[in-house]
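Student: Could we take a close look at one part of this protein together? I would like to see how its pieces pack.

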Amino acid sequence: QPVFVGGQIINGNKLAKVGEDVSRLQLQLSEQEVEKAAEQYFWQLASLQEKMKTVDAVDTLLRDIHKDVDVAVRAGVALPNDRLQVEIRQNDIESQKLKLANAISIVRLLMTQYCGLRDTSFAITYQTDVSSPLLSKQDHQQALLSTAEYQLLGKQVEATGLQKKLAVGQNLPSVAVGAGYNYHNLLDNDHHFGMVFATVSLPISDWWGGSHAIKRKAIAYQKAQEQQADNAELLKIRMQNAWNGVEESYQQLQITQKSIVQAEENLRLHRNYYQAGTCRMSDFLEAQLLYQQACDKHTDAFAAYQNKLLEYRQAVGQ
């Protein structure tokens, strides 16, 4: 049994424990990637469903417009071309509905496969109310310590430090002790005897090569420390960049909300103008298109904001 081997047994066990910790942290990073992909599918599906609601609302609006125009054409107070423009726009809406329905079906299939669901008949729910992103902001210096990436850097430093100690231990004397017991019966004579022994090993022939191995491990240890410091700064930069993305996406969302209000008012005015005979049908339909585009931009901005929030939470180790 070894009594002293330069700390190789203790440091070897510690190195094995570091390997377990590294595997756990790598698993955590893998889980974050899975969470990110699943949430991206979720908000992609939510965005498509919101766009379908917008298209349905536009379809209802166009039906009302078509009904009014048809009556006006029959009464001779509107041109048949006005009715034709509305019908062309309705055909375009039908085409959009088909594309959205197919896209929703595909995203559902992808989400079902990715999440291991049995069927695609699931429903998703989400809050459309948006709170200020300031509620999610963290102290980046403190958050750095809880990120899996930074902890992996620390484990790399710890592992190289232990490898250096192992290299030193391989060039230190080793001591071992042993004991034995023997019995035999020869010519009806019992013989019992035992022994205790010890060995001391000096790695004299490896001192030259061992000293170079120790130097290499020492350089690797220093390099790991420098890499930890450099990558820690990069991780904080990533946090700040993720936070900038959250703020920018939130501001974009606020802009799209204003655009919806403005486009809705513009559509109302053009409808009144057309009914009063002071604007053309093409102008009226253009206002309707602007309103639909404003709604779609708001939907995209809302999904982008949610994804940016997830990226920031993961960047700060939440």
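Student: Leaving aside its neighbours within four places in sequence, which residues is Leu45 in contact with?

Tutor: Happy to help! This is a predicted model, in which local features need pLDDT of at least 70 and side-chain atom pairs count only at pLDDT 80 or more, while totals for chains, interfaces and linings use all residues. Residues are numbered from 1 along each chain as its sequence is written, and side-chain values use heavy atoms, with hydrogens and water left out.

Now to your residue. Once neighbours within four places in sequence are set aside, Leu45 is in contact (heavy atoms within 4.5 Å) with Ile104, Val107, Arg108, Met111, Phe122 and Ile124.

Leu45 also belongs to the largest nonpolar core, a group of 48 residues. Such a core is a set of buried Ala, Val, Leu, Ile, Met, Phe, Trp, Tyr and Cys residues joined through side-chain atoms within 4.5 Å; buried means under 20% relative accessible area, exposed over 50%, and partly exposed in between, using a 1.4 Å probe and protein chains only. Leu45, Ile65, Val69, Tyr274 and Met281 touch the most other members. The elements giving two or more residues to this core are α1, α2 (80-115), α3 (140-144), α5 (207-275) and α6. These helices are DSSP runs (H or I, at least four residues), numbered from the N terminus. Helix α1 supplies the largest share, 14 residues.

Helix α1 covers residues 8-75 and also holds Asp70. With a relative accessible area of 18%, Asp70 counts as buried.
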